[in-house]
Amino acid sequence: MKEEGLEILCRAILRCQTEEDVRALLEDLCTFQEIEQLSQRAESAKLLLEGKTYADIIARTDISSATLSRVSRAVNHGSGGYRKFISDKPFSEEKEN
């Protein structure tokens, strides 16, 4: 991965101020399928953090067991991004705060 490109991407994300900003950036950066896959991974991480089983998560998100295993490994042994930025609180509670 080229460092300059990663820096440009990180700064673009940091400039987003609203969910609509993030959506617009994602729609320009990624294909529909890539956004769908990222969304699936984020939802799966949230469900793992809530203590859901692999079977429940696969049934709900249609994620492959191999991808779910990678997400789980990142949740438990990764750099901490999922734990820091994907809340285990229901989204409705998060919006209230």
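Helices (H or I, at least four residues) and strands (E, at least two) are DSSP runs, numbered from the N terminus. The structure is a predicted model, in which local features need pLDDT of at least 70 and side-chain atom pairs count only at pLDDT 80 or more, while totals for chains, interfaces and linings use all residues. Residues are numbered from 1 along each chain as its sequence is written, and side-chain values use heavy atoms, with hydrogens and water left out.

**Exercise 1. The elements**

Work out how many helices and strands the protein has, and in what order they run.

Solution. Start with the count: there are seven helices and zero strands. Then read from the N terminus, and the order is α-α-α-α-α-α-α.

**Exercise 2. Two helices that cross**

Describe how helix H4 and helix H5 meet.

Solution. Two packed helices are described by the angle between their axes and the distance between the axes.

- Step 1: the axes of H4 (residues 54–61) and H5 (residues 65–77) come within 11 Å, crossing at roughly 120°. Axes here are lines fitted to C-alpha atoms, for helices over the stretch in contact, and angles run from 0 to 180 degrees between N-to-C directions.
- Step 2: H4 is therefore oblique to H5; angles under 35 degrees count as roughly parallel, over 145 as roughly antiparallel, 65 to 115 as roughly perpendicular and the rest as oblique.
- Step 3: look for the contact (heavy atoms within 4.5 Å). H4 brings Tyr54, Ile57 and Ile58, and H5 brings Ser65, Leu68, Ser69 and Ser72.

**Exercise 3. The largest nonpolar core**

Find the residues of the largest nonpolar core and the helix that gives the most to it.

Solution. A nonpolar core is a set of buried Ala, Val, Leu, Ile, Met, Phe, Trp, Tyr and Cys residues joined through side-chain atoms within 4.5 Å. Buried means under 20% relative accessible area, exposed over 50%, partly exposed in between (1.4 Å probe, protein chains only).

- Step 1: the nine members are Ala45, Leu47, Leu48, Leu49, Ile57, Ile63, Leu68, Val71 and Val75.
- Step 2: helix H3 (32–49) and H5 each supply at least two of them.
- Step 3: H3 gives the most, with four residues.

**Exercise 4. Serine 44**

Is serine 44 buried or exposed, and which residues does it touch?

Solution. Serine 44 lies in helix H3.

- Step 1: its relative accessible area is 0%, so serine 44 is buried.
- Step 2: leaving out residues up to four places away in sequence, serine 44 touches Ile57, Thr61, Ile63, Leu68 and Val71.
- Step 3: serine 44 and threonine 61 are 17 residues apart in sequence, and their C-alpha atoms are 7.0 Å apart.
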